[in-house]
Amino acid sequence: MRRRSVLPSHHDDAEKGGGKPPQSRLCFLATLCVMFWVLIFYFHFSVLAPDPDARPVAVATQARIAHDHLPDRVFNHDGLLRTPPAAVGKEEAPAAVVGKEEAPAAVVGKEEASAAVAEKEEAPTAVVGKEEAPVAVVGKEEAPAAVAAVAEKEEVPPKEYPFQRALKTAENASDPCGGRYIYVHELPPRFNEDMLRECHSISVWTNMCKFMSNDGLGPPLSNEDGVFSNTGWYATNQFAVDVIFGNRMKQYECLTKDSSIAAAVFVPFYAGFDVSRYLWGYNISMRDAAPHDLVDWLRKRPEWNVMGGRDHFLVGGRIAWDFRRLTDEESDWGNKLLFMPAAKNMSMLVVESSPWNANDFAVPYPTYFHPAKDEDVFLWQDRMRSLDRPWLFSFAGAPRPGDPMSIRGQLIDQCRTSSFCKLLECDLGESKCHSPSAIMKMFQSSLFCLQPQGDSYTRRSAFDSMLAGCIPVFFHPGSAYVQYTWHLPKNYTSYSVFIPEGGVRDGNVSVEEILRGIHPDIVKQMREEVINLIPKVIYADPRSKLETLKDAFDVSVSAIINKVTQLRRDIISDSEDKDFIEENSWKYELLEGQRTIGPHEWDPFFSKPKPKDKGADSGNSSAEAAKNSWKIERGDQN
C-alpha cells in the first residue's frame with residue numbers, strides 16, 4: 001500500500017475547487033514581482049543616479065557616510081555593512097546596492113511587509129509597497145565635505161630637519177648669539193695638543209717651539225728702530241694659523257655645548273702642523289694616517305650625521321696644495337685630506353685656496369701685529385696715514401731662475417734701473433729679508449708694493465705691505481682677488497693695482513710708467529682704503545678680544561656661518577644649485593648673488609691643461625711649487 005503525500009498537491013486543490021486554480025494567490029505574486037522591479041528602477045534612476053555637478057567620492061568615504069546615517073544595528077563589530085533582511089513569511093526581497101556596499105531593504109512577505117525604518121533626519125527611504133526601507137544616500141551637499149576629508153588625509157606634512165632649531169635661534173631678538181652659536185668638537189689630544197708638546201717635530205727646517213709661545217703668536221718683537229708700536233708685535237710664523245685660530249676660538253663669545261643650536265661646528269684639528277711633520281722623508285701611509293683617523297672619529301659622532309659634515313669646518317694654516325695629493329705615488333706631494341670623500345663635505349680654511357675646488361677657503365696669512373684692544377689698531381692706522389713715503393714703489397724678494405713663468409727677475413731688473421724704486425733682495429743666506437723690522441720699514445716708506453706670485457699664487461708679504469699702508473700691486477688674480485673674497489673688496493681697483501704678468505714677462509710693460517700715471521688723488525683714496533682694511537687682515541691677540549672691530553678671525557667665522565645657514569635654507573626649500581660647476585669655483589666667488597656663470601676676462605689665468613697633456617691636472621704646477629716651499633720654511637719669507 002502506497003504512502004500518501006503529506007502535503008496536498010495542486011491536483012487535489014483543483015479537484016476541490018472545481019478544477020480552477022487559485023486566482024488570488026497568482027495575482028498577488030505577479031503584483032509583488034512588478035513592484036519589486038519598479039523599486040529597482042526607482043533606486044537606480046532616481047536615488048542612485050550620479051549628479052553631474054557633484055564631485056566623485058571614494059568608496060571608503062561613501063561607506064563612512066552610510067555608517068554615520070544608518071542605525072548602528074546594520075553594522076557588525078568591524079564597522080562593515082551587513083544586510084540582515086526584515087523577513088516576513090518565506091520570501092525575501094533583494095537589497096538596494098549603494099556603490100559596492102549594501103543597504104538593508106524592506107522584505108515583503110505573504111501577508112505583511114516590515115522594514116528597519118530610520119528616522120526622517122537620518123536617511124531618505126525607498127518605498128516598497130506601503131512600507132519604507134532606509135538606504136544610504138550620498139547627495140550633492142555631502143560630496144564636497146567627503147572630498148575635503150580625503151584631501152586633508154592625503155596632504156603630506158613638511159619635512160623636518162634636525163638643524164631647524166639652530167635656524168630658529170636667529171629669530172630670537174633677545175639672544176645676542178642667536179644664529180651665531182659655534183659647537184667645538186672635543187678631539188682627542190693626538191689631533192692638536194700633542195703636536196704642540198712635540199713642536200720640535202713640526203718642521204724639518206725650523207724649530208717651531210719658539211713660535212708656539214704666547215698662544216701661537218711667537219716671541220715679542222723689540223722696537224729699537226721705532227718701526228712698530230710699543231705693544232702687540234710678535235715674531236709670528238707665517239704657518240701658525242692653526243694654533244692662532246684655535247686659541248681665538250676658545251675666546252669666541254657664542255660657544256655652545258648644545259650642538260642642536262649651533263650655526264656651525266668647528267673641528268680643532270691642527271691640519272697644517274700635521275702635514276708639515278711628514279712632508280719630507282715619509283711615505284704616503286704616514287702622511288695620510290691622521291686625516292683617515294680624524295674622518296673615522298668624526299663619522300661616529302652624532303653631530304656629523306646632522307648634515308654629513310657639511311656644517312663642519314677646520315683650519316689648515318698652509319696652502320691647499322699641501323692637502324691635495326693627486327696620486328698615490330710616493331714621490332707625490334702632501335696628503336689627501338681635501339680629496340677624502342667625507343672631508344670634501346667640510347669647509348677648510350687655508351692661507352691659499354684652490355681656484356678649481358669648492359671645499360677650501362682662503363684666509364689671510366698672519367702678520368706680525370696682534371693688537372689686544374681697539375685703541376691699538378686706531379693708533380696704528382693714524383700713524384700709517386701720517387707717514388712720509390719717499391719711494392714710489394718697492395719690492396722684497398728673490399728671483400726664481402728655475403721657473404720660466406716667473407716675472408720676479410724682470411721686476412728686480414726694473415726696480416734696479418728705476419730711481420723711484422726701493423729694492424730689498426733676498427736669498428737663502430742671512431739678509432734683511434728675514435728681519436721683520438727691515439721689511440716693515442721699507443713698506444712704510446713706499447706708496448706701492450710689488451706682489452708677484454711666490455712659490456705659489458700667494459705671499460705673506462701682501463698682508464705685511466697692507467699692514468704698512470702700502471698699496472699692493474698684483475700681477476695674477478690668483479694672488480688675492482679670487483682668494484680672500486671674505487676679507488678684501490670685490491672691487492679690487494679700490495685698494496690695489498693689477499698689471500697682468502704677461503706684459504711684464506714679454507718686456508712690454510713698464511711698472512714705473514703705470515704707477516706714475518695714477519693721479520695723486522686716486523693714490524690717496526686707495527691708500528686710505530688699504531688702511532681701513534687693516535683690522536680685517538690681522539689676527540687679534542687670542543688672550544684678549546677687540547671691542548668693536550672685526551679681525552680676520554671674526555670675518556672668517558661670520559662667513560662660515562653665513563655659508564652654512566644659506567645651505568640649510570636651500571636644503572629646506574629644495575633650491576640647492578644643482579648646476580654648480582666646481583672647476584669654476586673661482587668665478588662663483590666673484591658673483592654677487594648670481595648662479596649663472598660665463599666667460600671671464602681672467603679665464604686665461606685659470607685654464608686647466610687637458611688630461612692628455614703632460615702634467616694632467618693644473619694642480620701639478622701648484623703642487624710642484626708647494627714642494628719647493630722648503631725655501632720659504634727655511635727663510636720664513638716668500
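This tour moves through the model one selection at a time, from the whole chain to single residues.

**Before selecting anything**

The model is predicted, so local features need pLDDT of at least 70 and side-chain atom pairs count only at pLDDT 80 or more, whereas totals for chains, interfaces and linings use all residues. Residues are numbered from 1 along each chain as its sequence is written, and side-chain values use heavy atoms, with hydrogens and water left out.

**The whole chain**

Begin with everything shown as a cartoon: the protein chain has 22 helices and 17 strands, where helices (H or I, at least four residues) and strands (E, at least two) are DSSP runs numbered from the N terminus. Of its 638 residues, 48% count as buried; buried means under 20% relative accessible area, exposed means over 50%, and partly exposed lies in between, with a 1.4 Å probe and protein chains only. Among contacts (heavy atoms within 4.5 Å) between residues at least 6 apart in sequence, 71% join residues at least 24 apart.

**The five-stranded sheet**

Next, select strands 13 to 17, which form an open sheet of 5 strands in the order 14-13-15-16-17, with parallel pairing; two strands pair if DSSP finds at least two bridges between them. Strand 14 (421–425) and strand 17 (497–498) are the edge strands, each with a single partner, so one side of each has no neighbour in the sheet. Strand 13 and strand 14 are joined in the parallel sense over 5 bridges, and a good pair to label is A396 with its bridge partner L424 in strand 14.

Add helix 13 (residues 408–416), which lies across strand 13, strand 14 and strand 15 (446–451) and runs at about 130° to strand 14. Axes here are lines fitted to C-alpha atoms, for helices over the stretch in contact, and angles run from 0 to 180 degrees between N-to-C directions. Then add helix 18, which lies across strand 15, strand 16 (471–474) and strand 17, at about 100° to strand 16.

**W391, within the sheet**

Zoom to W391, which is found in strand 13 (residues 391–397). With a relative accessible area of 29%, W391 is partly exposed. Not counting residues up to four places away in sequence, W391 touches S419, F420, C421, K422, S445, S446 and L447. For a distance to display, take W391 and S446, which are 55 residues apart in sequence yet 4.6 Å apart in space, C-alpha to C-alpha.

**Helix 12 against helix 18**

Keep helix 18 (residues 520–532) in view and add helix 12 (residues 374–386): the two pack at an angle of about 160°, with their axes 10 Å apart. They are therefore roughly antiparallel to each other, since angles under 35 degrees count as roughly parallel, over 145 as roughly antiparallel, 65 to 115 as roughly perpendicular and the rest as oblique. To see the contact, show Q381, M384 and R385 of helix 12 together with E528, I531 and N532 of helix 18. By class, this contact has 2 nonpolar, 2 polar and 2 charged residues; Ala, Val, Leu, Ile, Met, Phe, Trp, Tyr, Cys and Pro count as nonpolar, Asp, Glu, Lys and Arg as charged, and the others, Gly among them, as polar.

**Helix 8 against helix 19**

Now select helix 8 (residues 241–250) and helix 19, which pack at an angle of about 75° with their axes 11 Å apart, and which are therefore roughly perpendicular. F245, R248 and M249 in helix 8 meet F553, D554, S556 and V557 in helix 19, and the residues of this contact divide into 4 nonpolar, 1 polar and 2 charged.

**Strands 10 to 12**

Move to strand 11 (residues 347–352), where 6 of the 6 residues are buried. Strand 10 (residues 312–319) runs parallel to strand 11 and is joined to it by 5 bridges, with I319 opposite E352. Strand 11 also pairs with strand 12 (residues 360–362), in the parallel sense over 3 bridges, where D360 is the bridge partner of M348.

**Two aspartates to finish**

Most residues other than glycine have a negative phi, and most peptide bonds are trans. D215, although not a glycine, has a positive phi of about 60°; D215 is placed in helix 7 (residues 213–216) and counts as partly exposed at 30% relative accessibility. D574 likewise has a positive phi, of about 55°, but lies in the loop between helix 19 (552–572) and helix 20 (585–588), and at 61% relative accessibility D574 counts as exposed.
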